[in-house]
Amino acid sequence: MAAVRDVEIDPEGTFKYILVRLQRPGGEERRDIVRGTKAAEFHNHIFEKVNPEMEKLGYECKCLGGGKIEHNSKDKKIRVFGLSTGYGKADHSVTVEILKKVYTDYEITWSDDKK
């Protein structure tokens, strides 16, 4: 699982994101990853891209929910908020902990705000 990056998000802007759980079929080990991009009109577009990539690596994927990320690279701030109509709201506190592993010098916050 170490080959899979914890976070893949756009470097700037506000965009949809999903929290995805990876697991080997029948295995105990599992890991949550964050994926987000402006290119996705809907949350399921992100999952439809991630799922085949992870299946090729031998993982089962489950979307744990979604929301939005506001990424300001100039000010080194990330805000996690909102929800996915299709997948429900991701646990933003889990998302923030994953983001903190990668963006160690950022101020990262979350809220249940819709906007």
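Which residue lies over the face of Phe81? Select Phe81 along with Arg79 and look: Arg79 lies over the face of that ring, at 3.9 Å from the ring centre. Keep in mind as you click around that this is a predicted model.

**Stop 1: Arg79 and its strand**

Stay on Arg79 and colour strand E5, residues 77-81, which is where Arg79 lies. Arg79 counts as partly exposed, because its relative accessibility is 22% and the buried class takes in only values under 20%. Now add Ser111 to the selection. Arg79 and Ser111 are 32 residues apart along the chain, and their C-alpha atoms are separated by 7.9 Å.

**Stop 2: the neighbours in E5**

Next, click Ile78, also found in strand E5. Is Ile78 buried or exposed? Ile78 is buried, with a relative accessible area of 1%. Draw a distance from its C-alpha atom to that of Asp112: the separation is 14 Å, for two residues 34 apart along the chain.

Then go to Lys77, another residue of strand E5. At 40% relative accessibility, Lys77 counts as partly exposed, since that class lies between the 20% and 50% limits. Pair Lys77 with Asp105 and you get 9.0 Å between the C-alpha atoms, with their positions 28 residues apart along the chain.

**Stop 3: the loop leading in**

Select Lys76, which sits in the loop between strand E4 (60-72) and E5. What is its phi? Lys76 has a positive phi of about 55 degrees, although it is not a glycine. For background, most residues other than glycine have a negative phi. Lys76 also counts as partly exposed, at 36% relative accessibility.

**Stop 4: over to the pocket**

Time to change the view. Which residues line the largest pocket? Make one selection of Lys16, Phe42, His43, Asn44, Lys68, Gly82, Leu83, Ser84, Thr85, Gly86, Tyr87 and Lys114. The space in this largest pocket comes to about 180 Å³. Colour the lining by class and you should find 3 nonpolar, 6 polar and 3 charged residues.

Now pick out His43 from that lining. His43 carries the UniProt annotation "active site", which comes from an unreviewed entry. In the fold, His43 belongs to helix H1, residues 43-56. Is His43 buried or exposed? It is buried, because its relative accessible area is 7% and the cut-off for buried is under 20%.

**Stop 5: out to the start of the chain**

Jump to Ala3, in the segment before strand E1 (7-9). Ala3 is exposed, with a relative accessible area of 75%, because values over 50% count as exposed. Add Arg31 and draw the C-alpha distance: Ala3 and Arg31 are separated by 12 Å, and they are 28 residues apart along the chain.

**Last stop: the rings**

To finish, show the side chains of the aromatic residues. How many aromatic pairs are there? The count comes to 2 aromatic pairs. If you want to describe such a pair yourself, use the distance of the centres and the angle of the planes.

Technical notes
Residues are numbered from 1 along each chain as its sequence is written. This is a predicted model: local features need pLDDT of at least 70, side-chain atom pairs count only at pLDDT 80 or more; totals for chains, interfaces and linings use all residues. Side-chain values use heavy atoms; hydrogens and water are left out. On a 1 Å grid over the protein atoms alone, a cavity is a set of points where a 1.4 Å probe fits but cannot get out, and a pocket is an open set with protein on both sides within 12 Å along at least five of seven lines; lining residues have an atom within 4 Å of a point. Grid points are joined across faces, edges and corners, and a volume is the space filled by probe spheres set on the points. Ala, Val, Leu, Ile, Met, Phe, Trp, Tyr, Cys and Pro count as nonpolar, Asp, Glu, Lys and Arg as charged, and the others, Gly among them, as polar. Rings of Phe, Tyr and Trp (its six-membered ring) pair if their centres lie within 6.5 Å; planes under 30 degrees apart count as stacked, over 60 as edge-to-face and the rest as tilted. A charge sits over a ring if NZ of Lys or CZ of Arg is within 6 Å of the ring centre and within 35 degrees of the ring normal. UniProt positions are given in the numbering used here, feature names are shortened, and annotations may be inferred rather than shown by experiment. Helices (H or I, at least four residues) and strands (E, at least two) are DSSP runs, numbered from the N terminus. Buried means under 20% relative accessible area, exposed over 50%, partly exposed in between (1.4 Å probe, protein chains only).
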